[in-house]
Structures are given as structure tokens and as C-alpha cells.
Amino acid sequence: MSFIDPAQVFKGKILIMVPHMDDGVLACGGTVARLPNKDRIHIFYATDGLASPAPVIPGRDAVSEELGAVRINEARTAMGSLGVPEKNIYFLNFPDGRLKGQSQKLKDEVRRLLKQIKPAHIFAPFRYDCHTDHLALHRVVTALLPSCTFETECYEYFVYYRYRLLPQRDVRKYIDPVNLHEIDITGVSNRKRKALDCFKSQTTIYYSWQSRPNLSSWLLDEVSQSPEVLLRHDPSLPGPAVF
């Protein structure tokens, strides 16, 4: 695996498919910051974000009605700080945590968006991500790729990449490096960190019943200071064939 220049590899329109509001910046905020001509970058959020923060004890711990609007504004502010125009940010508002049960509706919406934007590059969650919403979005996107009438490449990004049962923890270390692209974000690490700080509902103790924020400071520091990694989606290497 070697470093690539995202400006050279990712030319043309880019569509970033994101399950939850903070996932896009966590996984590829540095790449977005490095890309020129931000008008060609489109961000698509699948869920309403209402399941995070999640009550510790349902029925006792209340979630405010405005959380969805708060998370939408956080995403707009964060992506705006990275240069993405607000007109290129889309929200579908499917139920957070239940994307798998909305697969057909989600597929219809993604198909419509692909036809409308015709992206040269699509970023989607990793095929073995730990979150069911991430997996649902990955499956819908990759299922639609063969039917695209325009040339496009798909790249899988990593939100959750630390797996406790793996000896080396980092799942990316087990993937054939031939299929991985690494992006050096050293020059934009501060911009990524500031963009992540926009997600106050995730990076702070947002409700009194929380004992800790959803995203810890050490995690934010790690993803802001580490290279971003993308897996080029190759249809000839389905499932575990990338390892």
C-alpha cells in the first residue's frame, strides 16, 4: 500500500454515501479537504441520526425531538468547513438503526441519485463494517453498480476498523494492499479535527444521562492524525476475496 494523490486519482464527480452524519468526516474528511473543485463533491446521508446518542435505559433516558435537526446542521457545518457546497448535501432521513428494513426504498433513492449525479467515483462503507446500517448501505450501493449506464468506480471507506478479535486489531492490515489506497492527510489534519468538533452531539456529553460522549477525544485525535484508507471495490473480488 502506498500513498496516492486524491486530486489525481479521483477526477470528475464524487458521491460519498454516508449512513450517519459523522461517518463521512471520520472516514474520509481529510480526503475531502484535499480534493480540489469542491463543487463536484456530493454527500448523501441515509439516516435521520435519531439513534445516537442512544438512551442507556429506554423509557427513562429522554432523547430530544430536535436531535435530528441538530445532527443535520452539524453535518452541513462540518462539510461546509471542508468546502462542500450546501446544495450538494442530501438527507434521506431513513430510521437510524433500521436501514436494513428499508432496503427497497433505499435502493430506489440511491438509484435515482446515481442517475441524477452520474458520479465518476462512489465512496461507500466497508463490506464488513460492524454497524448494520453501514452494511445495508454498502449492499445497496454495490448491488446497483452493474446497472449503471455511466463509468464509475466504487471505493469502500473504513469507519470502524478496529476489531477486538483480530490479533492486530486493525482489519485493514489483513486486506491485500494491492487493493488499498492510502491518503496522507498530514497537511489537513487540523481541518479534519475541526470538522469533527462540529458534531457536538457525538463529541460531548450531550445529555445528562450520558457517562461519556459517543466519540472520544483519543479516537478523534487518532483519525485526524492517521492516513485515510480506501479499498477499491473490485467485482471480481467479492466478500473475503480481498483478504
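Modeller: Welcome! Buried means under 20% relative accessible area, exposed over 50%, and partly exposed in between (1.4 Å probe, protein chains only). The model is predicted, so local features need pLDDT of at least 70 and side-chain atom pairs count only at pLDDT 80 or more, while totals for chains, interfaces and linings use all residues. Residues are numbered from 1 along each chain as its sequence is written, and side-chain values use heavy atoms, leaving out hydrogens and water.

Biologist: Is asparagine 93 buried, partly exposed or exposed?

Modeller: You will find asparagine 93 in strand β3, residues 89-94 (strands are DSSP runs of E, at least two residues, and helices of H or I, at least four, numbered from the N terminus). Asparagine 93 has a positive phi of about 60° although it is not a glycine. Most residues other than glycine have a negative phi. With a relative accessibility of 40%, asparagine 93 counts as partly exposed.

Biologist: What is the phi of arginine 169 near?

Modeller: Look in the loop between β5 and β6 (180-183) for arginine 169. At 41% relative accessibility, arginine 169 counts as partly exposed. Its phi is positive, in a residue other than glycine, and lies near 70°.

Biologist: Which proline follows serine 52 through a cis peptide bond?

Modeller: Most peptide bonds are trans. Here, the bond that starts at serine 52 has omega near 5° and is cis. The residue that follows sits in the loop between β2 (41-47) and α3 (67-81), and the name you want is proline 53.

Biologist: How do α2 and α6 lie, oblique or roughly parallel?

Modeller: Helix α2 (residues 23-34) and helix α6 (residues 189-197) have axes 9 Å apart, at an angle of about 135° (axes are lines fitted to C-alpha atoms over the stretch in contact, with angles from 0 to 180 degrees between N-to-C directions). Val25, Leu26 and Ala33 are among the α2 residues that meet α6, where Arg191 and Leu196 are among the partners (contact means heavy atoms within 4.5 Å). Angles under 35 degrees count as roughly parallel, over 145 as roughly antiparallel, 65 to 115 as roughly perpendicular and the rest as oblique. That angle therefore makes α2, relative to α6, oblique.

Biologist: Which residues of α8 are buried?

Modeller: Helix α8 (residues 217-225) packs with α6 at about 145°, the axes being 9 Å apart. The cover over the buried residues of α8 includes α2, α6 and α7 (200-203). Those buried residues are Leu220, Glu222, Val223 and Ser224.

Biologist: How many residues separate phenylalanine 123 and tyrosine 155?

Modeller: These two form one of the aromatic pairs, edge-to-face, at 6.1 Å centre to centre and 80° between the planes (rings of Phe, Tyr and Trp, by its six-membered ring, pair with centres within 6.5 Å; planes under 30 degrees apart are stacked, over 60 edge-to-face, the rest tilted). Phenylalanine 123 is buried at 0% relative accessibility, and tyrosine 155 is buried at 2%. The pair links distant parts of the chain, strand β4 (residues 121-125) and strand β5 (residues 153-157), and the residues apart number 32.

Biologist: Which residues form one aromatic cluster?

Modeller: Start from another edge-to-face pair, phenylalanine 126 with tyrosine 128, 6.0 Å centre to centre. Phenylalanine 126 is buried at 0%, whereas tyrosine 128 is partly exposed at 34%. The cluster consists of Phe126, Tyr128, Phe158 and Phe243.
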